[in-house]
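Biologist: I am new to this structure and would love a close look at just one helix and its surroundings. Could you walk me through it?

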Amino acid sequence: MINKLGFLGFLGALGLLGFFTGESGYYGFFGFFAYFYYFTVIPDEMFCAMVRRAASTGFFTLIAAVALGVCTTVLAGQREWVPAVFALSFAASVIAFSGIMAVNELRDERGAR
């Protein structure tokens, strides 16, 4: 059975757009190459539960960050903040998901010893 979480690694190819367009914001996508590691992980019930927990935390982080950002943008009256708000919200959700996955894997690794 193939671990579908590994397919997120292909998003790292979007980082190449930074070289062609000159926009440094695309370089952050290179971090997705780390997800290729999950092709080597055999998903069991505990791993699926761990991914579910991390995904729900990442999702609710995204919702909260967008709500906070939109409220801030409206109250400040700065429409040019909207792209940054959505970019930072996306980044916050990915960081939350990745961080929780890393912490849970370290706990799992320590428990296996």
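**A helix and its surroundings**

Modeller: Happy to! Helix H2 has 32 residues, so at 1.5 Å a residue it should span 46 Å, and its end C-alpha atoms are indeed 46 Å apart. The expected span is 1.5 Å times one less than the number of residues, and helices are DSSP runs of H or I with at least four residues, numbered from the N terminus. Please keep in mind that this is a predicted model, where local features need pLDDT of at least 70 and side-chain atom pairs count only at pLDDT 80 or more, while totals for chains, interfaces and linings use all residues. Residues are numbered from 1 along each chain as its sequence is written, and side-chain values use heavy atoms, leaving out hydrogens and water.

Along H2, the buried residues (under 20% relative accessible area, 1.4 Å probe, protein chains only) include Phe-47, Met-50, Val-51 and Ala-54. These four also belong to the largest nonpolar core, which has 12 residues. Such a core is a set of buried Ala, Val, Leu, Ile, Met, Phe, Trp, Tyr and Cys residues joined through side-chain atoms within 4.5 Å. H2 gives the most to this core, with 4 residues.

Leu-5, another core member, is in contact (heavy atoms within 4.5 Å) with Phe-47 and Val-51, among others beyond four places in sequence. From helix H3, Asn-104 touches Met-50 and Arg-53; Asn-104 counts as buried because its relative accessibility is 12%. Just after H2, Gly-77 takes a positive phi of about 70°.

Terms used:
Helix = DSSP H or I, 4+ residues; strand = E, 2+ residues; numbered from the N terminus. Buried < 20%, exposed > 50% of the residue type's maximum accessible area, 1.4 Å probe, protein only.
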